[in-house]
Amino acid sequence: MVTDGSPYQGYLYAYPHKTAYRQLDPRPALADVWSREQTEALFLYVHLPFCEMRCGFCNLFTRSNAPAEQVTAYLAQLRRQAVQVADALGERAGFARAAFGGGTPTYLSADELTELFEIATGTMGVSLPGVPLSVETSPATATPDRLAVLAAYGTTRVSMGVQSFLDAEARAAGRPQRRTEVEQALGAIRDAAVPILNVDLIYGIDGQTAATWAQSLTAALEWSPEELYLYPLYVRPLTGLGRRAHTRDDWDVQRQSLYQQAVETLTAAGYRQESMRQFRRADVADPDGPDYCCQDDGMVGLGCGARSYTTQLHYSFDYAVSVPQVRAVLDDYLSRPAGDFAWAEFGFALDDAEQRRRWLLKSLLRAVGVDEAAYLARFGSLPAQDFPQLAELTDRGLATDGGLRLTAAGLARSDAIGPWLVSGAVRRAMDGYVLQ
């Protein structure tokens, strides 16, 4: 049952998860993969696998303090990959959105960021300025010279992981930083006049209380960010925190309590809840077209940690978390001949049933819920016909509208509802993956 066990089963930020991917044999050519897709309004995602430090909670594909020569080599290889991908997409391809993530894209110097933008615009053909662009940054790298480059290319959204405004909590989460540095970075972002500032915060940190959580929320609200993302802390294998003993009987209760506190605080401050994690200031208009999301169909990924999504195939390079394996995958990426980038190597093929499930999950875990008419137009059936288990959500008070829209209680349990709806095939593939 969906209410069995912890409300924190896992963050379903992509479906299927990358641990369900397997080596594709034979490798399909990208030109064939994309030939059946609508490519006039694609989403470009560029992955930079570098950070100035690796946070204790981080299980992303990233390397800290990479040598300068490796960064230089990565940008050169990224350009070679972009040439191959652009050729596979063909002349009719166009981009409606873009995002630079990682890692920390602003780990790059201002000159290196300019080179990155030239790859996106000159090689891939993205209109910058011109289309919405989101870029991730960190307190240590959100410097005026870097932000000036972002602004010059029309960056519309900058997202910064603060996690906590209290120095002691930041250290407890494995992210040593000073609040003065955080405030200075936020000031620099506001001075750069980027339209949307997003601030990430984490709740459930060791030693965090309702009072200290209130301090972080208040400190964030003083900057009036257009968006806030609030993440429950997870302690995952092969991460810094995962190597420490971490057992707390009251952890689920604490995270649920801090979550409810945040919902009340942000609602009172004039924010509307878009999902369990996302809150948008009420006076900020919804974005034109789909909301920012780097897991949409029609996403073209560049870089060794990027994924690409077509209707029927999700693909990427190999996946790793541990420091040695991340470096091995990065070294492999840097050593490849240019021609290798014309093929998809690791991936997951989505049949009709998985496409339906992906649509459902991407919609259901948002506050607006599932658009039944759009689902019917796409698949020729109703969600309740394909997923009769949705009735359980209604029976348990977790959803309304026949299970198509989560209640407040349902949103709070999103990290249990998402995994509950994962298909057996995807679950078996994830369970069979050996994390490295």
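This briefing covers one helix, one cavity and two single residues of the structure. The model is predicted. It holds one cavity of 30 Å³ or more. Helix 8 covers residues 251-268, Thr155 is found in a loop, and Met430 has its place in helix 16.

**Helix 8**

- Helix 8 has 18 residues, which at 1.5 Å a residue should span 26 Å; its end C-alpha atoms are 26 Å apart, so the expected span and the model agree.
- The buried residues in helix 8 are Trp251, Gln254, Arg255, Leu258, Tyr259, Gln261, Ala262, Val263 and Leu266.
- An α-helix has 3.6 residues a turn, so residues three or four places apart point the same way.
- Among the elements that the buried residues of helix 8 pack against are four strands: strand 8 (196-203), strand 9 (227-232), strand 10 (271-273) and strand 11 (278-281).
- Those buried residues also pack against helix 7 (210-221) and helix 14 (408-412).
- Gly270 follows helix 8 and has a positive phi, near 95°.

**The largest cavity**

- The space in the largest cavity is about 120 Å³.
- The lining of this cavity is made up of 14 residues, and those closest to the cavity centre are Gln81, Gly301, Tyr315, Phe317 and Trp343.
- Helix 2 (68-89) and strand 14 (313-316) are the elements that each give two or more residues to the lining.
- Sorted by class, the lining has eight nonpolar residues, five polar residues and one charged residue.

**Thr155**

- Thr155 lies in the loop that runs between helix 4 (144-152) and strand 7 (157-163).
- With a relative accessible area of 4%, Thr155 is under the 20% cut-off and therefore counts as buried.
- The Thr155 side chain reaches the backbone oxygen of Leu150 at 2.8 Å.
- Leu150 is also one of the residues that Thr155 touches, when residues up to four places away in sequence are not counted.
- The others on that list are Phe117, Leu133, Val135, Val194 and Pro195.

**Met430**

- Met430 sits in helix 16, which covers residues 424-431.
- The relative accessibility of Met430 is 29%, which lies between the cut-offs of 20% and 50%, so Met430 counts as partly exposed.
- Leaving aside neighbours within four places in sequence, Met430 is in contact with His17, Thr19 and Ala20.
- Met430 and Tyr21 are 409 residues apart along the chain, and their C-alpha atoms are separated by 8.2 Å.

Technical notes:
Residues are numbered from 1 along each chain as its sequence is written. This is a predicted model: local features need pLDDT of at least 70, side-chain atom pairs count only at pLDDT 80 or more; totals for chains, interfaces and linings use all residues. Side-chain values use heavy atoms; hydrogens and water are left out. Buried means under 20% relative accessible area, exposed over 50%, partly exposed in between (1.4 Å probe, protein chains only). A polar contact is a pair of N or O atoms within 3.5 Å; within protein, one must be able to donate a hydrogen and the other to accept it, and residues adjacent in sequence count only if both atoms are side-chain atoms. Contact means heavy atoms within 4.5 Å. On a 1 Å grid over the protein atoms alone, a cavity is a set of points where a 1.4 Å probe fits but cannot get out, and a pocket is an open set with protein on both sides within 12 Å along at least five of seven lines; lining residues have an atom within 4 Å of a point. Grid points are joined across faces, edges and corners, and a volume is the space filled by probe spheres set on the points. Ala, Val, Leu, Ile, Met, Phe, Trp, Tyr, Cys and Pro count as nonpolar, Asp, Glu, Lys and Arg as charged, and the others, Gly among them, as polar. The expected span of a helix is 1.5 Å times one less than its number of residues.
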